[in-house]
Structures are given as structure tokens and as C-alpha cells.
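Student: I should like to learn how to read the surface and the interior of a protein model. Could we work through one example together?

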Amino acid sequence: GMASPSTSLLGLALLLMPFPFAIDPMLKWTVGFAYLIFSTVYRWGWLQALAKINSQIQMAELMGADKALIYKKIIFPQMFTPACRLAGIASFWAVGDFALGKLLLPQDVTLSLLIESLLSSYRLNAAMALMSLLLVLGICCYLFFWSLQFVYSKARNENVIG
């Protein structure tokens, strides 16, 4: 239950998509990857984070708070940290994903597809160099979202953010 949907089945479904998605393969890849990410991230932690604040939202609604106030004072402050953590995981995954791209994209347009192509042609030295770069890029993406939530939590604790 914690695994993502089948990449092969999703790739086949996206290959058979009608006209609006038939124009740009990169659009198909984006839609497919968003589906993979959002369904997995929802099960990995977003559902639990929403369940924790559900009673607070119900109490605020019973006391007469409007939707904007509930979002600003309850939902956003408590959901920002899990959102950043899950976005960091998703960005790390997106940088290195080659499975869905291999099915949908006609050529090596991403770094991970280029690495896969180099590995399949036995150019291991070049592939290892690019794989190191890919790992560094993935870590940088993850650290960006981690630092975003870190700065937000520090600013919130110092009452800079309302």
C-alpha cells in the first residue's frame, strides 16, 4: 500500500491519451509524474498531517471562523512543514526519474534518461560522472525545500510571520 502506482501501466495509459496530450510528450511526462508523486506523497504523510488538524478545523468552523482565517491561522502554519518535507522527497525523486520518461519521451531530454542511455551503451565512466551530478542535484533540490521549512519555522517561532 505504500508503493507508487505502476509506472508501466501509467505510461501505457498516457500513451493512449487523446488529442490534448498527444501534442507534447513532455506534457504527458509532467502529468504522469505528477500523478505518481501526488498519490504516493498523499499516502506517505499528507493524509496523516491532515488528520491531525481535522479536529482543529472543525472547532474553528463551529466557533464561526471563515475559510480564509482557518487557512491562515490553522492549515498553513501546521501543513507548511510536512508540505516542504514531502516536496523535498518529490523533487529528489523527480530529478532522478527515468522509468516514466523512458516510456513517454522520444529521446534523452532529461539527465536521468541520458545516464540510462550511457549505461545501456556500456559507457560506464561517463554515466558514473553524470550519476554523481544527478545525485548532487537531487540533494540540492531536497535541501532547498528543507531550508525553506527551516527558515519558515524559525521566522514563525520569532513571530516575524503572522
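Tutor: Let us begin with the surface of this predicted model. Phe92, Leu135, Ile139, Tyr142, Leu143, Trp146, Phe150 and Val151 form a nonpolar patch there, with about 730 Å² of accessible area together.

Student: Which helix gives the most to the nonpolar patch?

Tutor: Helix 7 does, with seven residues. Val151 has its place in this helix.

Student: Why is Val151 classed as exposed?

Tutor: The class follows from the relative accessible area, and exposed requires over 50%. Val151 is exposed because its value is 54%.

Student: What is the general expectation for nonpolar side chains?

Tutor: In soluble globular proteins, they tend to be buried together. In this structure, the largest nonpolar core has 13 residues, of which Trp29, Phe33 and Leu100 touch the most other members. At least two residues of this core come from each of helix 1 (7-15), helix 3 (25-62), helix 4 (67-96) and helix 5 (99-104). Helix 3 supplies the largest share, five residues. Another core, of seven residues, lies apart from it and includes Ala49, Ile57, Ala60 and Ile70.

Student: Which residues does Leu100 touch, leaving aside those up to four places away in sequence?

Tutor: Leu100 touches Thr7, Leu10, Gly11, Trp29, Gly32, Phe33 and Leu36.

Student: How should one read a single helix, such as helix 6, and which of its residues are buried?

Tutor: One asks which residues are buried and what covers them. In helix 6 (residues 111-120), the buried residues include Ser112, Leu113, Ile115 and Leu118. Their cover includes helix 4, helix 5 and helix 7 (124-157). After helix 6 comes Tyr122, with a positive phi near 60°.

Student: How many helices and strands does the whole protein have?

Tutor: There are seven helices and zero strands, so the pattern along the sequence reads α-α-α-α-α-α-α, given that helices and strands are taken as DSSP runs.

Student: What does the radius of gyration add to this picture?

Tutor: It can be set against the value for a compact globule. For 162 residues that value would be near 15 Å, but the protein has 20 Å. The C-alpha trace spans about 65 × 40 × 30 Å along its principal axes.

Student: What share of the residues is buried, and how much area does the protein expose?

Tutor: Of the 162 residues, 27% count as buried. The protein exposes about 10,400 Å², with 70% of it supplied by carbon and sulfur atoms. Among contacts with a separation of 6 or more, 65% involve residues 24 or more positions apart.

Note on methods:
Residues are numbered from 1 along each chain as its sequence is written. This is a predicted model: local features need pLDDT of at least 70, side-chain atom pairs count only at pLDDT 80 or more; totals for chains, interfaces and linings use all residues. Side-chain values use heavy atoms; hydrogens and water are left out. A nonpolar core is a set of buried Ala, Val, Leu, Ile, Met, Phe, Trp, Tyr and Cys residues joined through side-chain atoms within 4.5 Å. Buried means under 20% relative accessible area, exposed over 50%, partly exposed in between (1.4 Å probe, protein chains only). Helices (H or I, at least four residues) and strands (E, at least two) are DSSP runs, numbered from the N terminus. Contact means heavy atoms within 4.5 Å. Patches are made of residues with over 30% relative accessible area and no salt bridge: like charges are joined within 9 Å, nonpolar side chains (Val, Leu, Ile, Met, Phe, Trp, Tyr) within 5 Å. Accessible areas come from the Shrake-Rupley method with a 1.4 Å probe; for residues, only the protein chains shown count as cover. A salt bridge is a side-chain nitrogen of Lys or Arg within 4 Å of a carboxyl oxygen of Asp or Glu. The radius of gyration is taken over C-alpha atoms; the globule rule is 2.2 Å times the number of residues to the power 0.38.
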